[in-house]
Amino acid sequence: MNQLVYNFIKQNQDYILTEWMNIMKENTDVRLIKVVSDKMFTQTSSEFIDMIIAHVDSKDREFTLKLSDFAEKVVQLGWPLTFVNEGFQKFLIIVMQGMADKGIVTPDNQMELVNYLNKWSTPISNEIVNIYSQTWERTVSLQRMALQELSAPLIPVLEGITVMPLVGTIDTERAKQIMENLLTGVVKHRSEVVLIDITGVPVVDTMVAHHIIQAGEAVRLVGARCILCGIRPEIAQTIVNLGINLNEVITKNTLKKGIEVALELTSRKIVEVERDI
C-alpha cells in the first residue's frame with residue numbers, strides 16, 4: 001500500500017472513526033440510526049473501520065472474516081447495502097481530506113494519491129457488495145423457511161388428535177406448505193383426527209376454500225378424519241354462496257367443539273372429576 005496513505009490511516013484511526021460517525025449521522029436517514037442505541041452504533045462503526053484497516057494491513061483473510069461478521073451484524077440491524085457502500089466512500093473522503101489538512105496531499109502528488117485510492121478501493125467495494133449480498137440472501141432464505149414452518153404448524157394435543165391453527169391470508173405458496181405439513185404430520189404423529197382451525201383467517205374466498213377442501217381430502221386419503229373449526233357466520237355464508245361441498249369434512253364453529261367431536265371419534269370424552277377439598 002502507498003506509504004503515505006498507510007501511515008495516515010494507521011496513525012489517525014480515532015480521528016477517522018469520529019469523523020466517520022459524525023458524517024454518517026448527518027447524512028443518513030435518521031430511521032437507520034435510531035433503530036440501534038448510540039453504544040451499538042459506535043461499536044458497529046468501530047468494527048467497520050477496523051475491518052477496512054485489516055485490509056490496509058494486507059491481511060486478506062482477516063479482512064474477509066471481519067467483513068463476513070460485519071455483514072451478518074448490519075443485515076440483522078436492517079442497514080441496507082447503500083448505507084454500507086456509502087460508508088466506505090465516506091471513509092475514502094475522510095482520508096483524503098485529513099491528508100490534505102495535514103499537508104500530506106500536495107499539488108504534485110494529489111492525482112497520484114487519488115488514482116491510488118480509487119484503484120485500492122474498487123476491489124474492496126466489490127467484496128463488500130458480494131459478501132453483503134450473500135449474507136442478505138442467506139438470512140432472507142432462513143427467515144423464509146422459519147416463517148413457512150410457523151405459518152402452518154401441526155400441533156399434537158392428545159394421542160391421535162392434532163390441531164393446525166391457521167392465522168392470516170392463505171395464498172398458493174402457503175396452501176402448498178399447509179398440505180405438506182398436514183400429510184407429514186398425520187403420518188409422523190399417527191393422527192386419527194386432524195382439526196384445521198381457520199378462526200384467524202380473515203377472508204375465505206373460492207381459492208382458500210378450495211385449498212381447505214383439498215387439505216381435508218388429502219387427510220382422509222391417508223386414513224385420518226378432518227374437522228374444520230372456526231366457521232364464522234360470514235364464512236358459512238361465503239361457502240354456501242360458492243356452492244362448495246363440505247360433505248366429507250366435519251365443520252364446527254369453535255375449536256372447543258371441534259375437540260369434543262375429535263374425542264368422540266377416538267372413543268374418549270371429557271369427564272369432570274370431583275376433588276377433595
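Me: Which residue stands opposite Leu158 in strand S2?
Reply: Leu158 faces Ile161 in S2. Please keep in mind that this is a predicted model.

Me: What makes S1 and S2 a pair?
Reply: Two strands count as paired if there are at least two bridges between them. Strand S1 and strand S2 (residues 161-167) are joined by 3 bridges, so they meet that cut-off, and they run antiparallel. In one of these pairings, Ile155 has Val163 in S2 as its bridge partner.

Me: What links the two strands along the chain?
Reply: S1 and S2 make up a hairpin, with 2 residues between them. In the turn, Gly160 has a positive phi of about 85 degrees. Glu159 also sits in the loop between S1 and S2.

Me: Why is Glu159 called exposed?
Reply: The label needs a relative accessible area over 50%. Glu159 has 71%, so it is exposed. Its C-alpha atom is separated by 65 Å from that of Leu92, and the two residues are 67 apart along the chain.

Me: In what order do the strands of the open sheet come?
Reply: The order of its 5 strands is S1-S2-S3-S4-S5, and the pairing is mixed.

Me: What makes S1 and S5 edge strands?
Reply: Strand S1 (155-158) and strand S5 (250-252) each have a single partner strand, so one side of each has no neighbour in the sheet. On average, neighbouring strands of this sheet are turned by 25 degrees against each other, direction ignored.

Me: How do you know that S2 and S3 are paired?
Reply: The cut-off is at least two bridges. S2 and S3 share 6 bridges, so they pair, in the parallel sense. Pro165 stands opposite Asp197 in S3. From S2 the chain passes through helix H8 (residues 172-189) to reach S3, in a right-handed β-α-β crossover. Another residue facing S3 is Val167, which stands opposite Gly200.

Me: What makes S3 and S4 partners?
Reply: They are joined by 5 bridges, which satisfies the cut-off of at least two, and they run parallel. Leu195 has Ile227 in S4 as its bridge partner. Here the chain goes from S3 through H9 to S4, and this β-α-β crossover is right-handed too.

Me: Where does helix H9 lie?
Reply: Helix H9 (residues 206-221) lies across strand S3 (193-200) and strand S4 (225-229). H9 runs at about 150 degrees to S4.

Me: Why is S2 described as largely enclosed?
Reply: A residue is buried when its relative accessible area is under 20%. In S2, 5 of the 7 residues are buried, so the rest of the structure largely encloses this strand. The reasoning for S3 is similar: 6 of its 8 residues are buried, so S3 is largely enclosed as well.

Me: Which residues of helix H11 are buried, and what do they pack against?
Reply: In helix H11 (residues 255-265), the buried residues are Gly258, Val261, Ala262 and Leu263. They pack against S1, S2, S3, S4 and S5. After H11 comes Ser267, with a positive phi near 60 degrees.

Me: Why is Phe63 called buried?
Reply: The cut-off for buried is under 20%, and Phe63 has a relative accessible area of 4%, so it is buried. Phe63 belongs to helix H5 (residues 60-77). Leaving aside neighbours within four places in sequence, Phe63 is in contact with Met51, Ala54, His55, Ile124 and Glu127. The C-alpha atoms of Phe63 and Lys119 are 17 Å apart, with their positions 56 residues apart along the chain.

Me: What describes the packing of H4 and H6?
Reply: Two packed helices are described by the angle and the distance between their axes. The axes of helix H4 (residues 38-56) and helix H6 (residues 81-101) come within 11 Å and cross at roughly 65 degrees. The crossing is right-handed.

Me: Which residues meet there, and of what class are they?
Reply: Phe41, Phe48, Ile49 and Ile52 in H4 meet Phe83, Val84, Gly87, Phe88 and Phe91 in H6. By class, this contact has 8 nonpolar residues, 1 polar residue and no charged residues. Gly counts as polar, so Gly87 is the polar one.

Notes: Residues are numbered from 1 along each chain as its sequence is written. This is a predicted model: local features need pLDDT of at least 70, side-chain atom pairs count only at pLDDT 80 or more; totals for chains, interfaces and linings use all residues. Side-chain values use heavy atoms; hydrogens and water are left out. Helices (H or I, at least four residues) and strands (E, at least two) are DSSP runs, numbered from the N terminus. Axes are lines fitted to C-alpha atoms, for helices over the stretch in contact, and angles run from 0 to 180 degrees between N-to-C directions. Contact means heavy atoms within 4.5 Å. Buried means under 20% relative accessible area, exposed over 50%, partly exposed in between (1.4 Å probe, protein chains only). A crossover is right-handed if, with the strands pointing away from the viewer, the path from the first strand over the helix to the second runs clockwise. A crossing is left-handed if the near helix is turned anticlockwise from the far one by less than a right angle, and right-handed if clockwise.
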